[in-house]
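Visitor: I am new to this structure. Please take me through one part of it closely, and then show me how the rest connects.

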Amino acid sequence: MMDILADHSMLFLGSRLKRLAERLQGDVSRIIAEAGLPIQPSQYPVLAALDQAGPMTIGQLVEAMQLSQPAITRLLTRLAALDLVSIERIGRDQRQKTVALTPNGIAMIARSKRDVWPRVESAVIDLCAGVSGPLPDQLNQIEAALSATPLDKRGNGLVIRPFSDALAGDFHDINAEWITAMFRMEDTDRDVLLNPRKRIVDPGGTILFVEAAGLGIVGVCALQKTGARQFELTKMGVRQNARGRKVGEFLLATVIDRARMMGAETLYLLTNKACAPAIHLYEKLGFQHDAGIMQTFGARYARCDVAMRYHWPSDHAASFDKASTSL
């Protein structure tokens, strides 16, 4: 069967990407509908920007979204009609208006973060796993994978949950399980496991959990901020009853992506040779053994005899070079 867009991917790249975007948004629409929310996928970026930055002018939204002002205005008109955003004029200037989430918008974002965004994120990670080669080949692989299994049918029942004080016990228990089974609990372990908010979250790090359908919280991993644009990937564990479901790979890929979103330039981990399956997974997803990391950070744990550093793709590294040049 002829596929003119696929046959001439580089010539009609824009059209092909638009087709893929429409397909992805259709799948996400079904996920949103299952959650019972009156949102369209194209409206989420505006809501996310307002949730992250607070009230913004239309000009600021245009800059943040990199879309035209008429496009932003159309999105805001629909969102205002749903009572998800409020639009207020600033002074007498008709062109200057500030946009903010309404109480309904705040509640909608909270439900989306709980019921929609983790599911979409896990599905996209699953969709893109193993995609490689030149861009046309990657597009072929993604479209073929979507034809086989749409986004709303992906995810293997695994959902990412953010840290909350209610999950602090899971953070402790999951990690205590593997540490005490293989090693000796050290003082630095106890300090972090008993004080996750104080030691990890409040200083600028994050803790992500994996929830599996029918099993509850089955995995956890932390990003501990240890310097400017520097994070240690630490305290990663999976419960015994969830082994074999690729929870670790799903969680690690998500945490790496979260580190990228948080602006990490240096991402490293400390472990032990006895953790051979985990080391193999780290290597598979882009970590490499690093003597410099060992020399700088290895003394933190008595059991540490392996140190690894994540090697970012060239486009990620280039973004830091560009930022440094502009300072």
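Guide: What follows starts with one helix and its core, then moves on to a buried lysine, some salt bridges and two residues of another helix and loop.

Keep in mind that this is a predicted model.

Start with helix 5, residues 69–81. Helix 5 holds 13 residues. From its first C-alpha to its last, helix 5 reaches 18 Å, close to the 18 Å expected at 1.5 Å a residue.

Which residues of helix 5 are buried? They are Ala71, Ile72, Leu75, Leu76 and Leu79. These residues cover an arc of only 130° around the axis, so they sit on the same side of helix 5. A general point helps here. An α-helix has 3.6 residues a turn, so residues three or four places apart point the same way.

What do these buried residues pack against? Their partners are helix 3, helix 4, strand 2 (85–89) and strand 3. Just after helix 5 comes Asp83, with a positive phi of about 60°.

Now widen the view to the core. The largest nonpolar core has 36 residues. Within this core, Leu47 and Leu61 touch the most other members. Several elements give two or more residues to the core: helix 2 (13–34), helix 3 (44–53), helix 4 (58–65), helix 5, strand 3 (97–101), helix 6 (103–115), helix 7 (117–128) and helix 8 (135–148). Helix 3 gives the most, with five residues.

Take Leu47 by itself. Apart from neighbours within four places in sequence, Leu47 is in contact with Ile39, Leu79, Leu84, Val85, Leu101 and Ile109. One of these, Leu79, is also among the buried residues of helix 5. There is a second, separate core as well. That core has 32 residues, including Ile256, Ala264, Leu285 and Tyr310. In soluble globular proteins, nonpolar side chains tend to be buried together.

Charged groups come next. Look at Lys235 in strand 7, residues 230–238. Is Lys235 buried or exposed? Its relative accessibility is 4%, and the cut-off for buried is under 20%, so Lys235 counts as buried. The side chain of Lys235 has polar partners. One is the side chain of Asp189, in a polar contact of 3.1 Å. Another is the side chain of Tyr301, at 2.9 Å. Leaving out residues up to four places away in sequence, Lys235 touches Phe171, Asn175, Ile179, Asp189, Val192, Leu193, Val220, Cys221, Ala222, Tyr301 and Arg303.

How many salt bridges does a search of the whole structure find? It finds 20. Side chains of opposite charge can pair when their charged atoms come close.

Begin with Asp51 and Lys113. Their side chains meet in a salt bridge of 2.7 Å, N to O. Asp51 lies in helix 3 and Lys113 in helix 6, so the pair ties together parts that are 62 residues apart in sequence. Asp51 is partly exposed, with a relative accessible area of 33%. Lys113 is also partly exposed, at 39%.

Next come Asp170 and Arg239. Their closest N and O atoms are 3.0 Å apart, in a salt bridge. Asp170 lies in helix 9 (residues 168–182) and Arg239 in the loop between strand 7 and helix 12 (247–261), so this pair ties together parts 69 residues apart in sequence. Both residues, Asp170 and Arg239, are buried.

Then there are Glu186 and Arg303. Their side chains meet in a salt bridge of 3.3 Å, N to O. Glu186 sits in the loop between helix 9 and helix 10 (187–194). Arg303 sits in the loop between helix 14 (291–297) and strand 10 (306–310). The two are 117 residues apart, so the pair links distant parts of the chain. Glu186 counts as buried at 9% relative accessibility. Arg303 counts as buried at 15%. Arg303 is also one of the residues that Lys235 touches.

Salt bridges can also join up. Asp3, Arg16, Arg19 and Glu143 are linked in a network of them.

Finish with helix 12. Thr254 lies there, and it is buried, with a relative accessible area of 1%. A polar atom of its side chain lies 2.8 Å from the backbone oxygen of Phe250. Beyond neighbours within four places in sequence, Thr254 is in contact with Glu121, Ile125, Ile160 and Leu208. Glu265 lies in the loop between helix 12 and strand 8 (266–271). Glu265 is partly exposed, with a relative accessible area of 36%.

How values were computed. Residues are numbered from 1 along each chain as its sequence is written. This is a predicted model: local features need pLDDT of at least 70, side-chain atom pairs count only at pLDDT 80 or more; totals for chains, interfaces and linings use all residues. Side-chain values use heavy atoms; hydrogens and water are left out. A nonpolar core is a set of buried Ala, Val, Leu, Ile, Met, Phe, Trp, Tyr and Cys residues joined through side-chain atoms within 4.5 Å. Buried means under 20% relative accessible area, exposed over 50%, partly exposed in between (1.4 Å probe, protein chains only). Helices (H or I, at least four residues) and strands (E, at least two) are DSSP runs, numbered from the N terminus. Contact means heavy atoms within 4.5 Å. The expected span of a helix is 1.5 Å times one less than its number of residues. The arc is that of the directions from the helix axis to the C-beta atoms. A polar contact is a pair of N or O atoms within 3.5 Å; within protein, one must be able to donate a hydrogen and the other to accept it, and residues adjacent in sequence count only if both atoms are side-chain atoms. A salt bridge is a side-chain nitrogen of Lys or Arg within 4 Å of a carboxyl oxygen of Asp or Glu.
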